[in-house]
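Colleague: Before we go into the details, could you take me through this model, beginning with how the protein meets its nucleic acid and then turning to the packing of its helices?

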Amino acid sequence: MIKIVQSKKPSASMAKDLKRKRENDSPLQAKRLKLMVSRKELPIWSRKDDILGALEKHNILVLSGETGSGKSTQIPQFLLDASWCTKCVAITQPRRVAAISLARRVAEEMGTPLGKSSPASKVGYSVRFDEAIGPSTRIKYLTEGMLLQEMLRDSSFGQYSCVIIDEVHERNLNVDLLLGFLRELVYSKRRKQPLKLVVMSATADVVGISRYLQAGSPEPSSNGDQTTENDEQEWNGFSENERPARTASRVALVHVEGRQYPVTLSYLDKPCDDMAQAALERIFLIHCKEPLPGDILVFLTGQDKIQQLKASVEAFAANLPPKIPPLQVLPLFAALPQSAQQQIFQPAPPRTRKVILATNIAETSVTVPGVRFVIDCGKAKIKHFHPKLNLDSLLIQAISRSSADQRKGRAGREAPGQCYRLYTQNSYNILEQATSPEILRCDLSAAVLTMIARGVKDPFRFPLLTPPNPKSMMKAMLQLLRLETIDSSGAITPVGRKIARLPLPPNLGAVILYAASEASSCLAEVIDIVSCLTVESIYQHIETESAREEALAARGTLTRRSGDHVTLLTTIRAYAAESTDRKAWADAHLLSHRALQNVLAVRKQLRAQCLSAKLLSGKTFPEDTDAGDPLQPVDEDLEARILKCFIRGFVDNVAKLCPNGSYKTLLGNEIVAIHPGSVLFGRKVEMILYNELVFTSKAYARGVSAVRVGWLEEVWP
DNA sequence: GAGCACTGC
């Protein structure tokens, strides 16, 4: 770029600009050259020609490459050199932090500023609430959900030459949907130039994915299915030389070796029935035998198990002989405050070994540094949606082999490591190969609405990589029909189109629309409550009995008798009204500052979307919604209007009090209990409405409010 | 009568 400008003989001011620019750029260039050395050592570096060659001939590439191959950072950069790559490259990530940190890294490798910081930036990212995209951005890292949202706005992806879907092996719901849409788009006549698709997986088992993508081809596929009679028509929009060569529709497969340190494995000889005891013994066997440095990462199922084991490790460590170095035990789970999570990144005190007791969060989301020993209990809590009972179960289950291998790999990131599996070799052998895809385990109403909004005529027949359970599909269709997002022919309604664009599950989206109606007139209040219901818990994590009492007292002024919905409303309004120090205010009330910030971010987004969808008669939300005294009781009539909106969106989630004191769902007559985290816990009211039902030790209703029988009759005459 | 794996728009 500098060369071009110079050849034009720049004027004095341009020369000055150029000098400044060069000075600004030089540290970036120095960094780029330094990083080039390590880039060239990546296993994927020598495969650049193979990969570009494959994409010259084929529109789809399936690339398998294990941890450390460098695929997530290098492939997008390789693609920029291809002649067909005239526009942007999109690359998706399952998590926000990954999207942002990869973009940052690739910007450094290319010697370009990141995102918005400079118009010259070639690399950017886009995640919810945070976007760094410039006019010359060529590589764009985004979360899967963001790309899906972009697709609802521009269904042909006109701004992209190539879309890369990374971490496909995790099989998130949004990835399965994206693959379904992209598979068609690659061969679609709606695009002037073909879209290239790269699908990347960390596991070598990609036969199913490539067969699926192959079957989307208008070419006769190898197994002969999915061949359409409209092959010629498919390419009608193209002139002869724009049409890809007939071979171009085939899927290319490339495998790249990973780069990891070796990890030695050991199993138990016979199954154990006390996992905590087995883990405790193994921790101290490692600690007393193995030299420092080398931290221990233990995979457990949940925070209760983590806290129990933490207590016994600390008790045992207190009685060790003085020549044994001390242990530092650190819990790690998502509900833990950020500051406590950060501790795992701090170096241990000298001569001390860290033991990190973690949930699944350490399997993919958080990389714990310094780990050379992994202890794996072989189990995890897995959520599963049951369409018939309309509840989620959250039960401890055996993990899959790929999950066990992923856990093992966490020991070999910095040096050779060891992995101790607290189960037998035979138990490992009979594990499922891969964790069941999310599409088989979740409520499909949002996914089906997305399909319909994207123009899918019959969601039951839309080809997905794993066909969902027909009962779940039926449940979702009925739910969408009931919420009036689709009509009886299955076509999307104007209301459905609005709901599909909201970043919410359809039932909460419907509640927003009801609240906007003139009869309800409580849109601002409902947006506040919905924002709270969609983020992580706004309450700080409580460990001890005394802390629980303290929390109840601290939050007392915010608690409202009608239940969680109005309590959340009161809380978020009081937080928003706090003008001096919100962090201190949150801490004083034992609330999570981070969660409350997220609530305000969601609220801002929902308010903006409601305004642009003209759901509010006025042009802005009244500035004074946060003014006045937020601790004043909510007017009874307003409270009734709010809860009636929720009843309409959540008819399935109503339960009545029985003579024996338990609650039974109106539809289905199933027993539900109020979750101990609810303000209604321990109370008896004639009828409850809840946000969700999760089966753990029993069916617990969460996000609960008291409602009147009469309201139901009003809402559903 | 006493509890909440993990992401994401």
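**Contacts with the DNA and helix packing**

Modeller: A backbone N or O atom of R96 lies 2.6 Å from a phosphate oxygen of DNA strand B, and I should say at once that this is a predicted model.

Colleague: Which atom of DNA strand B does the backbone of G682 approach?

Modeller: At A334, a backbone N or O atom lies 2.4 Å from a phosphate oxygen of DNA strand B. For G682, a backbone N or O atom is 2.7 Å away from its partner on DNA strand B, and that partner is a base nitrogen.

Colleague: Which residues come nearest to DNA strand B, and which element gives the largest share of the surface near it?

Modeller: There are 29 residues around DNA strand B, of which R96, A334, K381, R548 and T696 come nearest. Sugar and phosphate make up 59% of the atoms of DNA strand B that come within 4 Å of the protein. By class, the surface near DNA strand B holds twelve nonpolar, ten polar and seven charged residues. The largest share of that surface, three residues, is supplied by helix 6.

Colleague: How are helix 18 and helix 24 oriented to each other?

Modeller: Helix 18, spanning residues 506-516, packs against helix 24, residues 636-649, with the axes 8 Å apart and at an angle of about 140°. Angles over 145 degrees would count as roughly antiparallel. The angle of this pair therefore makes helix 18, relative to helix 24, oblique.

Colleague: Which residues make that contact, and how do they divide by class?

Modeller: Helix 18 passes helix 24 in a right-handed crossing. On the side of helix 18 the contact is made by N507, L508, V511, Y514 and A515, and on the side of helix 24 by C645, F646, R648 and G649. The residues of this contact between helix 18 and helix 24 divide into six nonpolar, two polar and one charged.

Colleague: How do helix 21 and helix 23 lie relative to each other?

Modeller: The axes of helix 21 (residues 564-577) and helix 23 (residues 593-612) are 11 Å apart, and the two helices pack at an angle of about 95°. Their contact is made by I572, Y575 and A576 of helix 21 together with H593, L596, Q597, V599, L600 and R603 of helix 23. Given the range of 65 to 115 degrees for this class, helix 21 and helix 23 are therefore roughly perpendicular.

Colleague: What is the class make-up of the contact between helix 7 and helix 15?

Modeller: Helix 7, residues 173-185, and helix 15, residues 445-453, have axes that come within 11 Å and cross at roughly 20°, which makes helix 7 roughly parallel to helix 15. L173, L177 and F181 of helix 7 meet A447, T450 and M451 of helix 15. By class, the contact of helix 7 with helix 15 therefore has, under the usual grouping of residues, five nonpolar, one polar and no charged residues.

Colleague: Turning to the backbone, where is P293 found, and what is the geometry of the peptide bond leading to it from L292?

Modeller: P293 lies in the loop between helix 10 (275-289) and strand 10 (295-299). The peptide bond from L292 to P293 has omega near -5°, and its geometry is cis.

Colleague: What is the phi of F129?

Modeller: F129 sits in the loop between strand 3 (123-127) and strand 4 (130-132). Although F129 is not a glycine, its phi is positive, at about 70°.

How values were computed:
Residues numbered from 1 in each chain as written. Chains lettered and ligands numbered in written order. Predicted model: local features only at pLDDT ≥ 70, side-chain atom pairs only at ≥ 80, totals over all residues. Heavy atoms only, no water. Axes fitted to C-alpha atoms, helices over the stretch in contact; angles between N-to-C directions. Helix = DSSP H or I, 4+ residues; strand = E, 2+ residues; numbered from the N terminus. Parallel < 35°, antiparallel > 145°, perpendicular 65-115°, else oblique. Left-handed = near helix turned anticlockwise from the far one by under 90°. Contact = heavy atoms within 4.5 Å. Near = heavy atom within 4 Å. Polar contact = N/O pair within 3.5 Å; in protein donor to acceptor, adjacent residues only side chain to side chain.
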